[in-house]
Amino acid sequence: MTTRVAAAEGTRDGAVLREMRWWDIAPVLELERELFPEDAWSAGMFWSELAHARGPAANRRYLVAEHGGRLVGYGGLAAVDGTGDIQTIATARDQWGTGLGSRLLTELLSAATAFECAEVLLEVRVDNSRAQRLYERFGFEPIGFRRGYYQPGNVDALVMRRTTESPSESPDDSAPEPADAPAAPPSAQGTQTHG
């Protein structure tokens with residue numbers, strides 16, 4: 001398989017971040033199907049992830065971003081045995097380039113710290129250079145490939161890792177994200193590590 005925080009000063013998205021709850025699954029699925037039409041997660045997958053996000057044994061952190069009464073982004077992290085795995089990050093197309101993807105990633109990395117993760121992994125499509133640049137700004141480095149990971153299309157995934165020696169703060173959050181590509185690939189926004 002594969003928080004309520006106000007918009008940070010200097011960001012342009014204006015969204016509020018908060019913990020994802022069961023009632024968010026329907027609007028998350030709408031955005032999921034829009035952004036990942038060919039390999040969208042099912043409601044059951046999100047239910048399963050959220051089942052591990054609360055209580056004393058929680059090892060997941062899922063967030064949603066709301067703006068103007070609508071859900072405009074979400075992200076999730078799983079933590080197991082000192083390793084965090086960014087499961088998914090996605091933002092609505094009208095939020096690309098606003099800094100919302102950076103804010104979601106910052107919150108997920110904070111969750112990884114809270115879970116005492118020594119490293120955080122993610123997969124990203126090899127053809128998604130914009131997302132790769134975002135992750136590199138946060139200290140992620142390429143460590144390998146997963147051949148044919150994204151289906152259909154048989155697109156490879158670049159595996160990236162960020163260790164505790166990586167920068168603990170996001171780079172200048174007020175700097176705009178590059179405008180030449182979406183925060184995630186057009187055919188699969190976010191890391192979307194379905195698997």
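These legends walk through several close-up views of one predicted model.

**View 1. The whole chain sets the scene for the close-ups.**
Before zooming in, here is the overall layout of the predicted model. The chain holds four helices and seven strands. Following the sequence from its start, these elements appear in the order β-α-α-β-β-β-α-β-α-β-β. Of the 195 residues in the chain, 51% are buried.

**View 2. Helix 1 crosses helix 2.**
Two packed helices are described by the angle between their axes and the distance between the axes. Here helix 1 (residues 25-35) and helix 2 (residues 43-51) have axes that come within 10 Å and cross at roughly 125°. Helix 1 is therefore oblique to helix 2, since angles over 145 degrees would be needed for roughly antiparallel and 65 to 115 for roughly perpendicular. The crossing of these two helices is right-handed. Which residues of helix 1 and helix 2 meet? From helix 1 come Ile-25, Val-28, Leu-29 and Glu-32, and they meet Ala-43, Phe-46, Trp-47 and Leu-50 of helix 2. Sorted by type, the residues of this contact are seven nonpolar, no polar and one charged.

**View 3. Pro-27 sits within helix 1.**
While you are looking at helix 1, find Pro-27, which belongs to this helix. Is Pro-27 buried or partly exposed? Its relative accessibility is 30%, so Pro-27 counts as partly exposed; buried would mean under 20%. Pro-27 also makes a handy landmark for Gly-73: the two are 46 residues apart in sequence, and their C-alpha atoms are 9.9 Å apart in space.

**View 4. Strand 2 pairs with strand 1 and strand 3.**
Strand 2 (residues 60-67) is mostly covered, with six of its eight residues buried. Strand 1 (residues 16-19) runs antiparallel to strand 2, and four bridges join them. To get your bearings in this pair, look for Leu-17, which stands opposite Ala-65 in strand 2. Strand 2 also pairs with strand 3 (residues 70-80), again in the antiparallel sense, over eight bridges. In a regular strand the side chains alternate between the two faces of the sheet.

**View 5. A hairpin links strand 2 to strand 3.**
Moving to the end of strand 2, His-67 stands opposite Arg-70 in strand 3. The hairpin has two residues between the strands. What is the phi of Gly-68 in this hairpin? Gly-68 takes a positive phi near 60°.

**View 6. Helix 3 crosses helix 4.**
Further along the chain, the axes of helix 3 (residues 100-114) and helix 4 (residues 129-137) come within 11 Å and cross at roughly 45°. That angle makes helix 3 oblique to helix 4. Their crossing is right-handed. On the helix 3 side, the contact is made by Gly-101, Ser-102 and Leu-105, while helix 4 brings Leu-134, Tyr-135 and Arg-137. The residues of this contact divide into three nonpolar, two polar and one charged.

**View 7. Strand 6 and strand 7 form a hairpin.**
For the last stop, strand 6 (residues 141-150) and strand 7 (residues 155-163) run antiparallel and are joined by six bridges. Gly-144 is a useful marker in this pair, standing opposite Val-159 in strand 7. How many residues lie between the strands of this hairpin? There are four, and Gly-153 in the hairpin takes a positive phi near 105°.

How values were computed. Residues numbered from 1 in each chain as written. Predicted model: local features only at pLDDT ≥ 70, side-chain atom pairs only at ≥ 80, totals over all residues. Heavy atoms only, no water. Axes fitted to C-alpha atoms, helices over the stretch in contact; angles between N-to-C directions. Parallel < 35°, antiparallel > 145°, perpendicular 65-115°, else oblique. Left-handed = near helix turned anticlockwise from the far one by under 90°. Contact = heavy atoms within 4.5 Å. Nonpolar A, V, L, I, M, F, W, Y, C, P; charged D, E, K, R; others polar. Pairing = 2+ DSSP bridges. Buried < 20%, exposed > 50% of the residue type's maximum accessible area, 1.4 Å probe, protein only.
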